[in-house]
Amino acid sequence: MTDTRGAAIVGVGETAFVRRSDQRLNDAVFAAITLALTDAGIDAAEVDGLVTESSMMPQRVPADMVAARFGMSNRCFSAHSLVGGAGVVGAAGLAAAAIRAGLASVVVTYFGVDFGSSPGGPYAFPAALDVKLGYEAPFGWYGQPLYFASLAQRYRHEYGLTEEQQGAVAIAAHAHAARTPGAMSRGPITMDDYRASRMIAEPFRALDCSLVNDGAVALVLTAESRAADLPHATVSVAGAGVASALDTQGSYFTQHDPYLETPATRSAAAAFASAGVAPSDVDVVELYDCFTISTILQLEDLGFCKKGEGAAFVENGRISVGGELPVNTHGGLLAHAYLVGASHLVEAVRQLRHERGAGQVDGAEVAVVAGLGLPDHATVILTRS
Amino acid sequence: MPTHIPDVAPQRSNTELDKFWDYTDQDELRLPRCETCRRWSWVGATQCPRDGSSLAWETAPRRGRVFTYTVVHRDFLPPGSTEVPYVVALIELDGVEGVRILAVIEAATAQEVAIGRGVCLELRRFADHVLPVGRLESKGAEVS
């Protein structure tokens with residue numbers, strides 16, 4: 001945090017999040033970038049770096065397309081971070097590292113999805129892996145809810161996991177979304193609503209699962225020294241860590257061992273060490289909650305409780321705004337929108353700027369953002385300077 | 001309600017994965033095994049992850065136990081591939097340490113399936129492929 005060449009997130013931009021957008025994916029990304037640059041008070045011509053994740057954007061909205069659209073003629077740094085959500089969150093860490101290393105002065109990170117309107121939605125994306133249709137689909141092992149439901153089932157066996165604990169994660173997410181402009185959730189839910197929700201893959205009901213939608217998000221990063229002259233309170237990238245399991249995208253969900261431990265254990269340890277803060281210093285956590293079990297596993301692996309204690313940790317309002325450790329204060333992937341971690345970064349920035357109104361965590365100064373895209377994981381620690 | 005079994009033929013991928021189905025077509029259950037250290041690998045491995053040695057596809061035991069599973073009520077397969085509910089499990093085969101294989105579990109009711117239950121695999125012939133299907137052993141045979 002005392003690094004004189006530190007980097008800060010100085011602009012955030014989000015499109016509307018809707019089930020199906022009329023906008024093409026690249027146009028949505030362009031719109032988000034325009035909003036983020038406006039928020040930062042920085043001209044597009046100053047952007048000399050572009051960073052995104054590695055599994056979808058390189059084909060759909062590559063850096064050259066973005067640079068050409070905005071006339072970014074000084075581009076001298078472009079990079080792709082990790083898989084999916086790990087890459088979306090990791091992109092912020094990579095952009096900050098580039099700024100600190102002097103490789104770029106103004107970096108835009110971007111991400112967009114059209115899962116809501118594209119054929120096959122989020123299930124078509126992993127189908128590109130040979131193992132999905134070449135081995136797994138004949139067993140019916142197809143669709144992300146099944147992979148995480150199987151994790152939850154094993155968690156139940158080893159540590160215990162009740163319907164009420166899963167429901168507590170979903171209820172907190174929807175309560176937070178209700179206080180977040182632009183969230184897709186239709187409003188707060190009760191435990192009865194959770195129990196009445198349609199069973200998808202045991203033990204998951206529809207309310208255990210991420211939303212599906214279209215939309216795009218962008219961030220602008222630059223040196224901390226410049227951030228002081230820009231419109232908003234400075235939100236510094238105080239630390240970042242990435243880690244990858246030895247498994248491939250194709251083998252992770254069937255072969256990973258230890259089965260219930262994600263690479264967040266290592267990415268978080270690296271991020272906390274580089275930021276010089278501890279889990280006990282954290283005011284707000286925005287983590288990749290594709291399913292309710294994802295929240296529980298990462299709370300453990302990030303270091304907020306021990307393995308096996310995550311299910312009890314989420315009970316009794318502890319992860320709600322006003323609770324001991326507010327988690328996913330915008331509603332996350334479960335109740336805000338499925339922007340694969342990008343909106344988690346935006347929410348952390350807004351919390352640290354103290355501009356979240358009814359959803360504000362009082363006095364938030366340290367935020368953790370965690371992105372999961374197995375076999376990869378990224379953790380970024382943001383601080384209000 | 002008895003559980004169902006999806007009918008989805010494997011898409012040939014021109015990778016090692018095809019061998020799994022080539023063997024089931026011949027009523028054989030085989031998995032890759034290191035010719036040097038003799039440890040088993042998962043179906044997609046191209047060489048032993050521990051010592052880099054070549055793998056040979058060897059006959060695997062057809063008995064194991066449920067490591068984890070899910071009962072699927074809303075499937076994401078091509079339309080018309082299956083009825084629900086169906087149960088898909090990760091199975092640890094006896095003596096095949098460090099590798100989990102997939103199996104559909106056929107049971108009188110989904111409620112019978114539990115982690116740790118013993119399973120015997122049989123190879124079930126469909127129109128275009130042969131699929132390993134697990135049947136639960138009686139509870140007395142359970143291995144914890």
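I began with a definition: a charge sits over a ring if NZ of Lys or CZ of Arg is within 6 Å of the ring centre and within 35 degrees of the ring normal. With that in hand I looked up B:Arg100, and its charged end sits over the ring of B:Phe67, 4.3 Å from the centre. In chain A, I found A:Arg69 over the face of A:Phe70, at 4.5 Å from the ring centre.

**Ground rules**

I note that this is a predicted model, in which local features need pLDDT of at least 70 and side-chain atom pairs count only at pLDDT 80 or more, while totals for chains, interfaces and linings use all residues. Residues are numbered from 1 along each chain as its sequence is written, chains are lettered from A and ligands numbered from 1 in the order in which they are written, and side-chain values use heavy atoms, with hydrogens and water left out.

**Aromatic pairs**

I next asked how many aromatic pairs the structure holds over all chains. There are 18 of them, where rings of Phe, Tyr and Trp (its six-membered ring) pair if their centres lie within 6.5 Å, and planes under 30 degrees apart count as stacked, over 60 as edge-to-face and the rest as tilted. I looked at A:Tyr259 and B:Phe67, whose ring centres are 5.0 Å apart and whose planes stand at 80°, so this pair is edge-to-face. The pair crosses between chains, running from A:Tyr259 in the loop between helix 11 (252-255) and helix 12 (264-275) of chain A to B:Phe67 in strand 3 (residues 63-72) of chain B. For helices and strands I use DSSP runs numbered from the N terminus (helices are H or I, at least four residues; strands are E, at least two).

I then checked whether the two partners are buried or exposed. A:Tyr259 counts as buried at 6% relative accessibility, and B:Phe67 counts as buried at 8%; buried means under 20% relative accessible area, exposed over 50%, and partly exposed in between, with a 1.4 Å probe and protein chains only.

Within chain A, I also traced a cluster in which ring pairs link A:Trp141, A:Tyr147, A:Phe148, A:Phe204, A:Tyr252, A:Phe253 and A:Phe291.

**Strand 11 of chain A**

I turned to strand 11 (residues 376-384) of chain A, which is mostly covered, with eight of its nine residues buried. Strand 8 (residues 235-244) of chain A pairs with strand 11 in the antiparallel sense over nine bridges, two strands being paired if DSSP finds at least two bridges between them. In strand 11 of chain A, A:Val380 has A:Ala240 opposite it. Strand 10 (residues 366-373) of chain A is also antiparallel to strand 11, over eight bridges, and these two strands form a hairpin with two residues between them. Here I found A:Gly371 opposite A:Ala378 of strand 11.

**Three buried residues of chain A**

A:Ala378 turned up again when I looked up A:Gly90, which touches A:Ser81 and A:Ala378, not counting residues up to four places away in sequence; contact means heavy atoms within 4.5 Å. A:Gly90 has its place in helix 4 (residues 84-100) of chain A and is buried, with a relative accessible area of 5%.

In helix 13 (residues 292-301) of chain A, I looked up A:Thr295, which counts as buried at 1% relative accessibility. Leaving out residues up to four places away in sequence, A:Thr295 touches A:Val169, A:Leu287, A:Asp289, A:Val327 and A:Asn328. A:Thr292 is also found in helix 13 and counts as buried at 0% relative accessibility. Beyond its neighbours within four places in sequence, A:Thr292 is in contact with residues including A:Val169, A:Phe204 and A:Leu334.

**The chains as wholes**

Chain A has 16 helices and 11 strands, and 65% of its 385 residues count as buried. I compared its radius of gyration, 19 Å, with the value near 21 Å for a compact globule of 385 residues, and the two agree; the radius is taken over C-alpha atoms, and the globule rule is 2.2 Å times the number of residues to the power 0.38.

For chain B, I recorded one helix and seven strands, in the order α-β-β-β-β-β-β-β along the sequence. Its radius of gyration is 16 Å, close to the 15 Å that the globule rule gives for 144 residues, so chain B is as compact as a globular protein of that length. Buried residues make up 51% of the 144 residues in chain B.
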